Amino acid sequence: MDTDRFDAFVDGLDYPMFVVTTAHAGERAGCLVGFTTQASIDPPRMLVCLSVANHTYQVARQAELLAVHVLDKDDHDLAELFGGRTGDEVDKFAKCRWTPGPDGVPLLEDCPRLLVGRIADRQPLGDHVGFLLDPLRVESYDGGPALDYEQVEDVDPGHPADDHPKGSEPC
Ligand SMILES: Cc1cc2nc3c(=O)[nH]c(=O)nc-3n(C[C@H](O)[C@H](O)[C@H](O)COP(=O)(O)O)c2cc1C
């Protein structure tokens, strides 16, 4: 497949941005995620796609839970922190306000609209792995429209998806 044609197809498609966090064995991780969608109505399920290049994936592959935080229009700083930096180099959780949720998963205090989900399945999809989530806890909040992809296009990913560190094979 000609990837230029594929790129032209997806170019300009806008979608909401999320910060996805997780924890395992006392290690915390989180990154900015655009590839996230509702995947089922009944049962209610979300699908989160994590790049195998990311530190977050390395923790999530062993974790029980993911927390999905909706970013609002004022959250560009959080998008920059979680999308432009990597947990391989910085402790993102020393630079934001959070509290421990179920299983220690970090919940961002500035993102009250969130879903904590139990990982029901992990599916290799290519350079991303799909994490299917059964909601365990959901908090909604009428905070207005979500931050969109076009508003964070200026953020350079801390880990480009084609940057595969050793040992980052899909689960
Ligand atoms: C606009 C934008 C969208 C992104 N979407 C995703 C995504 O859907 N899935 C993903 O795993 N990473 C995505 N990333 C990349 C990660 O957020 C980024 O590489 C981050 O620095 C990884 O942090 P980590 O290594 O601590 O996990 C996106 C980054 C940006 C800037």
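This dialogue reads the two largest pockets of a predicted model.

Reader: How much space lies in the largest pocket?

Author: A pocket is an open set of grid points with protein on both sides. Here, the largest pocket holds about 1,200 Å³ of space.

Reader: Which residues lie nearest the centre of the largest pocket?

Author: Lining residues have an atom within 4 Å of a point. In this model 40 residues line the largest pocket. Tyr15, Phe35, His128, Tyr149 and Pro157 are those nearest its centre.

Reader: Which helices and strands supply at least two residues of that lining?

Author: Three helices do: H1 (3-10), H2 (55-60) and H3 (76-84). Strands E2 (27-33) and E4 (45-51) do too. E2 gives the largest share, four residues.

Reader: How does the lining of the largest pocket divide by class?

Author: Count 18 nonpolar residues, 13 polar and nine charged.

Reader: What volume has the second largest pocket?

Author: About 280 Å³. Its lining has 17 residues. Closest to the centre are Phe18, Met46, Val70, Leu115 and Val138.

Reader: Which strands supply at least two residues each to the lining of the second largest pocket?

Author: Look at E3 (36-40), E4, E5 (65-70), E8 (114-124) and E9 (128-139). E3 gives the most, with four residues. Strand E4 supplies at least two residues to the lining of the largest pocket, and at least two to that of the second largest.

Reader: And how do the residues of this second lining divide?

Author: Nine are nonpolar, five polar and three charged.

Note on methods:
Residues are numbered from 1 along each chain as its sequence is written. This is a predicted model: local features need pLDDT of at least 70, side-chain atom pairs count only at pLDDT 80 or more; totals for chains, interfaces and linings use all residues. Side-chain values use heavy atoms; hydrogens and water are left out. On a 1 Å grid over the protein atoms alone, a cavity is a set of points where a 1.4 Å probe fits but cannot get out, and a pocket is an open set with protein on both sides within 12 Å along at least five of seven lines; lining residues have an atom within 4 Å of a point. Grid points are joined across faces, edges and corners, and a volume is the space filled by probe spheres set on the points. Ala, Val, Leu, Ile, Met, Phe, Trp, Tyr, Cys and Pro count as nonpolar, Asp, Glu, Lys and Arg as charged, and the others, Gly among them, as polar.
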